[in-house]
Amino acid sequence: GMREYSQAEEAARLAIKLLPNYQLGYLFLALALARQGRAAEAVNAARKLHEVAPYLTPQVYAASMHGLFRNTRQRDRAIAMFDQLWRDMEAGEAVED
């Protein structure tokens, strides 16, 4: 539930604080924020992810997810979330922190 996403957000923020260029920190932060319905903040985290890992496109992300998930429904949902974040980021739908 929401508690897990809140905890994931906290862990991601700590990882970023300790390692400011840690791409997985921004990825997990963006996804955790998106799952909490905090779209603008999620897009800002996705933008930062794109700064530190410009090669991480939806295609690369989708390919990497195939090895991580046994459950195809969870995998497809994770890929769809990243695709939506990417589209929102490209559309410029974000607010300043």
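**A walk along helix H5**

Let's begin with one side chain: Arg75 has a relative accessible area of 13%, so this residue counts as buried. The model we are looking at is a predicted one, and Arg75 is a handy way into it. You will find Arg75 in helix H5. Its side chain makes a polar contact with the side chain of Asp76, at 3.2 Å. If we set aside neighbours within four places in sequence, Arg75 is in contact with Met65, His66 and Phe69.

Now widen the view to the helix itself. H5 runs over residues 72-91. At 1.5 Å a residue, its 20 residues should span 28 Å, and because the end C-alpha atoms are 28 Å apart, the model agrees with that expectation. Both ends are worth a look. At the start of H5, a side-chain oxygen of Asn71 comes to within 2.8 Å of the backbone nitrogen of Arg73. Just after H5, Gly92 adopts a positive phi of about 80°.

Which residues of H5 are buried alongside Arg75? They are Ala78, Ile79, Met81, Phe82, Leu85, Trp86, Asp88 and Met89. The buried residues of H5 pack against three other helices: H2 (23-35), H3 and H4 (58-65).

From here we can turn to empty space. Rolling a probe the size of a water molecule over the atoms shows where such space is left. The structure holds one cavity of 30 Å³ or more, and the largest cavity has a volume of about 50 Å³. Its lining is made up of Ala46, Leu49, His50, Ala53, Leu56, Phe82, Leu85, Trp86 and Met89. Helix H3 (39-52) and helix H5 each supply at least two of the lining residues, with H5 giving the most, four residues. By class, eight residues of this lining are nonpolar, one is polar and none is charged.

H5 also has a part in the largest pocket, which contains about 420 Å³ of space. This pocket is lined by 16 residues, and Tyr5, Leu31, Phe69, Ala78 and Met81 lie nearest its centre. Helix H1 (2-18), H2, H4 and H5 each give two or more residues to the pocket lining. Which helix gives the most here? That is H2, with six residues. The pocket lining divides into 13 nonpolar residues, one polar and two charged.

Definitions and conventions. Residues are numbered from 1 along each chain as its sequence is written. This is a predicted model: local features need pLDDT of at least 70, side-chain atom pairs count only at pLDDT 80 or more; totals for chains, interfaces and linings use all residues. Side-chain values use heavy atoms; hydrogens and water are left out. On a 1 Å grid over the protein atoms alone, a cavity is a set of points where a 1.4 Å probe fits but cannot get out, and a pocket is an open set with protein on both sides within 12 Å along at least five of seven lines; lining residues have an atom within 4 Å of a point. Grid points are joined across faces, edges and corners, and a volume is the space filled by probe spheres set on the points. Ala, Val, Leu, Ile, Met, Phe, Trp, Tyr, Cys and Pro count as nonpolar, Asp, Glu, Lys and Arg as charged, and the others, Gly among them, as polar. Buried means under 20% relative accessible area, exposed over 50%, partly exposed in between (1.4 Å probe, protein chains only). A polar contact is a pair of N or O atoms within 3.5 Å; within protein, one must be able to donate a hydrogen and the other to accept it, and residues adjacent in sequence count only if both atoms are side-chain atoms. Contact means heavy atoms within 4.5 Å. The expected span of a helix is 1.5 Å times one less than its number of residues.
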